[in-house]
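The following exercises ask for a close reading of one structure. Each task is followed by a solution in steps.

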Number of protein chains: 2
Amino acid sequence: MGVSSRTAAAVHALTFLAHRHDEGLQSSATIAESLESNPVVVRRVLGLLREAGIVTATEGAGGGWRLARPADSITLLDVFTSVEDDTPVLPTHAHPPSRSCVIGRHMESYLAEEFAAAQRALADRLATRTIADTLREVRRREAAS
Amino acid sequence: MGVSSRTAAAVHALTFLAHRHDEGLQSSATIAESLESNPVVVRRVLGLLREAGIVTATEGAGGGWRLARPADSITLLDVFTSVEDDTPVLPTHAHPPSRSCVIGRHMESYLAEEFAAAQRALADRLATRTIADTLREVRRREAAS
DNA sequence: GGTATCTGTAATCTCCGTAGTCACAGTCAG
DNA sequence: CTGACTGTGACTACGGAGATTACAGATACC
């Protein structure tokens with residue numbers, strides 16, 4: 001239907017990894033603590049980021065997760081496209097309209113195109129922010145409080 | 001969670017009303033036929049558009065719906081904001097993160113701002129298209145087929 | 001005035017995606 | 001060998017959306 005909160009969890013986890021980058025591998029349990037969530041849920045989200053080449057996982061004792069690329073090369077759009085399925089943000093008809101009506105014959109494809117264009121505008125904005133920006137802003141807010 | 005398909009149904013219904021504008025009032029049953037949906041569902045969506053001053057309803061026998069404003073003054077953004085609730089298109093955390101972590105303390109508000117900015121970009125694009133545009137494009141596609 | 005045709009709306013149902021949880025196999029350090 | 005991780009499948013709980021039923025209120029028309 002719409003967008004899940006996986007993007008938010010993924011950005012959070014990646015920023016956490018960037019924050020602790022010098023302290024070595026971070027386990028899904030540690031990350032889950034910051035998210036107040038479940039290690040399994042975290043591993044599933046991070047698994048999607050691993051498939052996208054954004055993080056790497058190390059199995060076994062002492063294992064965990066780390067960024068696979070510099071934080072300033074990971075945009076919020078990268079994260080979004082990695083963890084969300086490719087169903088449009090703005091859904092068209094719940095089920096196809098009548099083919100025996102002029103409007104019904106063309107509305108679905110027209111809307112799909114317009115909604116896709118709107119989503120591209122959203123994506124362009126997400127692409128202007130990186131995990132490095134996010135970490136910087138989080139630290140700035142902490143210092144200002 | 002995300003966006004419903006009400007926007008698609010509403011744009012469809014409004015374009016239908018613009019298309020049949022010279023033929024007088026259209027009943028929810030007629031519109032539901034084009035949408036292959038239910039008259040009650042249609043009335044609920046049109047009810048939101050009525051509250052927004054986009055359509056007017058006439059009760060009683062021979063009653064029905066018509067546009068309250070010229071089709072070229074109704075943008076897709078008008079429709080979107082009328083029928084969708086005001087929960088963000090891009091949701092933040094499913095439930096608040098840990099306050100005992102630097103990331104957790106600031107991520108939620110930061111993401112809310114960034115996601116809102118992205119949604120404004122999407123909204124700006126929707127505001128560039130009207131119901132009149134939509135009807136014109138539907139008719140063009142019909143003529144071209 | 002009676003009746004048929006509409007809107008308006010509450011109540012209920014089903015369906016489906018998401019987050020959360022449990023269980024357990026695989027991997028690896030010490 | 002043991003303990004600490006990841007990787008996944010299976011299951012449950014919950015909530016929102018769309019569909020449906022039911023019925024009250026309004027109005028045109030005979």
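**Exercise 1. Determine which residues come nearest to DNA strand C, and which part of the strand faces the protein.**

Solution. The model is predicted, and the values below are computed from its atoms.

Step 1. DNA strand C has 27 residues around it, and those that come nearest are S5(A), R44(A), E59(A), S28(B) and W65(B). Sugar and phosphate make up 65% of the strand C atoms that come within 4 Å of the protein.

Step 2. Next come individual polar atoms. The side chain of S37(A) has an N or O atom 3.0 Å from a phosphate oxygen of DNA strand C. In N38(A), a polar side-chain atom lies 3.4 Å from a phosphate oxygen of this strand. R44(A) reaches a base instead: one of its polar side-chain atoms lies 2.4 Å from a base oxygen of DNA strand C.

Step 3. The elements that give two or more residues to the surface near DNA strand C are α3 (39-51) of chain A and, from chain B, α3 (39-51), β1 (55-58) and β2 (64-67). The largest share, 4 residues, is that of α3(B).

Step 4. By class, the surface near DNA strand C holds 8 nonpolar, 12 polar and 7 charged residues.

**Exercise 2. Carry out the corresponding analysis for DNA strand D: which residues are the closest, and which elements give two or more residues to the surface near the strand?**

Solution. Step 1. Around DNA strand D there are 27 residues, with S28(A), W65(A), S5(B), R44(B) and E59(B) the closest. Of the strand D atoms within 4 Å of the protein, 62% belong to sugar or phosphate, and bases supply the rest.

Step 2. Three side chains place a polar atom by a phosphate oxygen of DNA strand D: W65(A) at 2.9 Å, S5(B) at 2.6 Å and S37(B) at 3.0 Å. The elements with two or more residues in the surface near DNA strand D are α3, β1 and β2 of chain A, together with α3 of chain B.

Step 3. Here α3(A) provides the largest share, 4 residues. The surface near DNA strand D divides into 8 nonpolar, 12 polar and 7 charged residues.

**Exercise 3. Describe the pairing of β1 and β2 in chain A, then in chain B.**

Solution. Step 1. In chain A, strand β1 (residues 55-58) pairs with strand β2 (residues 64-67) in the antiparallel sense, over 4 bridges. Within this pairing, A57(A) stands opposite W65(A).

Step 2. The hairpin of β1(A) and β2(A) has 5 residues between the strands, and G60(A) takes a positive phi near 85° there.

Step 3. In chain B, β1(B) and β2(B) run antiparallel and are joined by 4 bridges. W65(B) is the bridge partner of A57(B). The hairpin of β1(B) and β2(B) likewise has 5 residues between its strands, with G60(B) at a positive phi near 85°.

**Exercise 4. Characterise the interface of chain A and chain B: how much area is buried, and which element gives the largest share of the chain A side?**

Solution. Step 1. The size of an interface is often expressed as the accessible area lost when the parts come together. Chain A and chain B bury about 4,800 Å² between them, with 69% of it on carbon and sulfur atoms. Of the area that chain A buries against chain B, 14% is supplied by I103(A), Y110(A) and R141(A), more than by any other three residues.

Step 2. Contacts link 56 residues of chain A with 56 residues of chain B.

Step 3. The interface contains 8 salt bridges. R141(A) and E113(B) meet in a salt bridge through their side chains, at 2.8 Å from N to O. There are 18 residue pairs in polar contact across the interface, both residues being at pLDDT 80 or more.

Step 4. On the side of chain A that touches chain B, two or more residues come from each of α1 (6-19), α2 (28-35), α4 (76-83), α5 (102-126) and α6 (131-143). The largest share, 19 residues, comes from α5(A). This side of chain A has 28 nonpolar, 17 polar and 11 charged residues.

**Exercise 5. Locate T92(A) and identify the residues that it touches.**

Solution. Step 1. T92(A) lies in the loop between α4 and α5 of chain A.

Step 2. Leaving aside residues up to four places away in sequence, T92(A) touches E108(A), L111(A), A112(A) and F115(A), as well as S5(B) and A8(B).

Step 3. T92(A) and S109(A), 17 residues apart in sequence, have their C-alpha atoms 8.8 Å apart.

How values were computed
Residues are numbered from 1 along each chain as its sequence is written. Chains are lettered from A and ligands numbered from 1 in the order in which they are written. This is a predicted model: local features need pLDDT of at least 70, side-chain atom pairs count only at pLDDT 80 or more; totals for chains, interfaces and linings use all residues. Side-chain values use heavy atoms; hydrogens and water are left out. A residue is near a molecule or strand if one of its heavy atoms lies within 4 Å of it. A polar contact is a pair of N or O atoms within 3.5 Å; within protein, one must be able to donate a hydrogen and the other to accept it, and residues adjacent in sequence count only if both atoms are side-chain atoms. Ala, Val, Leu, Ile, Met, Phe, Trp, Tyr, Cys and Pro count as nonpolar, Asp, Glu, Lys and Arg as charged, and the others, Gly among them, as polar. Contact means heavy atoms within 4.5 Å. Buried area is the accessible area (1.4 Å probe) that two parts lose on being put together, summed over both. A salt bridge is a side-chain nitrogen of Lys or Arg within 4 Å of a carboxyl oxygen of Asp or Glu. Two strands pair if DSSP finds at least two bridges between them.
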